[in-house]
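Hi everyone, thanks for coming. I'd like to walk you through one structure today, so please have a look at the screen.

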Amino acid sequence: FGKALNAKKKKKKRINDQFSCCFESVIIEFAIVKIVISFQNHHFKRRSEVINGPYMKHPLQNRWGLWFYKNDKSKMWQDNLRLITKFDTAEDFWDHVKLKTAVMMQKNSDGIEPMWEDRSNKCGGRWLITLAKQHRHTELDHFWLETLLCLIGEGFGSFSRDICGSVINIRAKGDKIAIWTSNAENCETVTYIGKKYKESLGLPQKLVIGYQAHADTATKSNSITKNKFVV
């Protein structure tokens with residue numbers, strides 16, 4: 001009987017020890033969870049303070065201007081141009097681009113207008129993307145946004161210095177998006193920009209896009225401008 005009683009006491013002690021160990025484990029786990037939650041709350045509070053309070057904007061390498069063209073046939077083409085805003089930070093870009101009112105974006109727009117005749121553009125040309133009107137609701141917004149991001153993000157590396165701006169034309173027959181460069185005779189730069197632009201838009205290799213000099217477009221005798229380069 002004595003042996004049985006001792007065995008029962010030992011079993012009870014073992015159960016108590018196991019319970020105590022499990023209880024301590026639960027306390028430790030609870031403490032860890034509490035610390036994690038406390039850290040997360042602190043993190044979210046700090047994140048909220050950063051978002052809601054004053055914060056540093058992210059500067060762009062260049063200053064840009066967003067333009068709008070009002071198609072008033074009673075006025076000269078130049079008189080229909082309206083400068084919407086100028087910006088030089090990523091945050092200001094997003095504030096304005098989401099309005100979807102701009103049809104032109106020009107680099108270093110102080111005193112420079114998005115026209116072929118402007119001194120900064122007249123020797124250059126454009127890489128041209130043409131979209132059929134049935135793609136207007138599926139591809140146009142995406143291509144236009146990617147084009148703008150290529151420009152403000154200096155997506156052409158050292159060749160970005162030759163970028164002047166971009167233009168979108170929405171017309172009944174079809175839509176056009178173009179990137180303007182400053183020197184149509186600079187073969188290496190123009191070709192690199194064209195290849196990189198095509199890659200950024202995710203266009204298939206078999207699809208050919210063309211580069212047209214502004215001088216050729218201005219003096220064309222019909223509706224077709226000959227491509228100076230193709231990629």
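I'll start with the sheet, move on to the helices, then stop at two loop residues and finish with a pocket.

One thing to keep in mind throughout is that this is a predicted model.

So, the sheet. It is open and has eight strands, in the order E2-E1-E3-E5-E6-E4-E7-E8, with antiparallel pairing. At the edges sit E2, residues 81–89, and E8, each of which pairs on one side only. As a general reminder, strands of a sheet pair through backbone hydrogen bonds, either parallel or antiparallel.

Let me take some of these pairs in turn. E1 and E2 run antiparallel and are joined by seven bridges. If you want a spot to zoom in on, Trp 64 has Phe 87 in E2 as its bridge partner. E1 is also joined to E3, residues 104–107, by four bridges, and that pair runs antiparallel too. Right there, Gly 65 is partnered with Gln 106 in E3. Further along the sheet, E4 and E6 share eight bridges, again antiparallel. In E6, the residue standing opposite Gly 125 is Thr 181.

Now, which strands does H4 touch as it packs on the sheet? The list is E4, E5, E6, E7 and E8, and the direction of H4 makes about 25° with that of E4. H4 covers residues 187–201, so to speak 15 residues, and spans 21 Å from its first C-alpha to its last, close to the 21 Å expected at 1.5 Å a residue.

What about the residues of H4 that are buried? They are Thr 189, Val 190, Thr 191, Ile 193, Gly 194, Tyr 197, Lys 198 and Leu 201. Their packing partners include helix H3, residues 136–152, as well as strands such as E5 (163–170) and E6 (174–181). Just past the end of H4, Gly 202 takes a positive phi of about 75°.

There is another helix to point out, H2, made of residues 90–97. H2 lies across E1 and E2, running at about 145° to E2.

Next, the two loop residues. Most residues other than glycine have a negative phi. Glu 154 has a positive phi of about 50° although it is not a glycine. You'll find Glu 154 in the loop between H3 and E5. Is Glu 154 buried or exposed? With a relative accessible area of 14%, Glu 154 counts as buried, because the cut-off for that is under 20%.

The other one is Thr 225, in the loop between H5 (214–218) and E8. Its relative accessible area is 9%, so Thr 225 is buried as well. Leaving aside residues up to four places away in sequence, Thr 225 touches Gln 212, Asp 216, Thr 217 and Lys 220.

Finally, the pocket. How much space lies in the largest pocket? About 850 Å³. Its lining is made up of 25 residues, and those nearest its centre are Trp 77, Arg 126, Asn 169, Arg 171 and Lys 176. E4, E5 and E6 each supply at least two residues of that lining. The largest share comes from E5, with four residues.

That's my tour; I'm happy to go back to any part of it on the screen.

Technical notes. Residues numbered from 1 in each chain as written. Predicted model: local features only at pLDDT ≥ 70, side-chain atom pairs only at ≥ 80, totals over all residues. Heavy atoms only, no water. Expected span 1.5 Å × (residues − 1). Buried < 20%, exposed > 50% of the residue type's maximum accessible area, 1.4 Å probe, protein only. Contact = heavy atoms within 4.5 Å. Pairing = 2+ DSSP bridges. Axes fitted to C-alpha atoms, helices over the stretch in contact; angles between N-to-C directions. 1 Å grid on protein atoms, 1.4 Å probe; cavity = no way out; pocket = protein on both sides within 12 Å on 5 of 7 lines; lining within 4 Å. Points joined across faces, edges and corners; volume = space filled by probe spheres on them.
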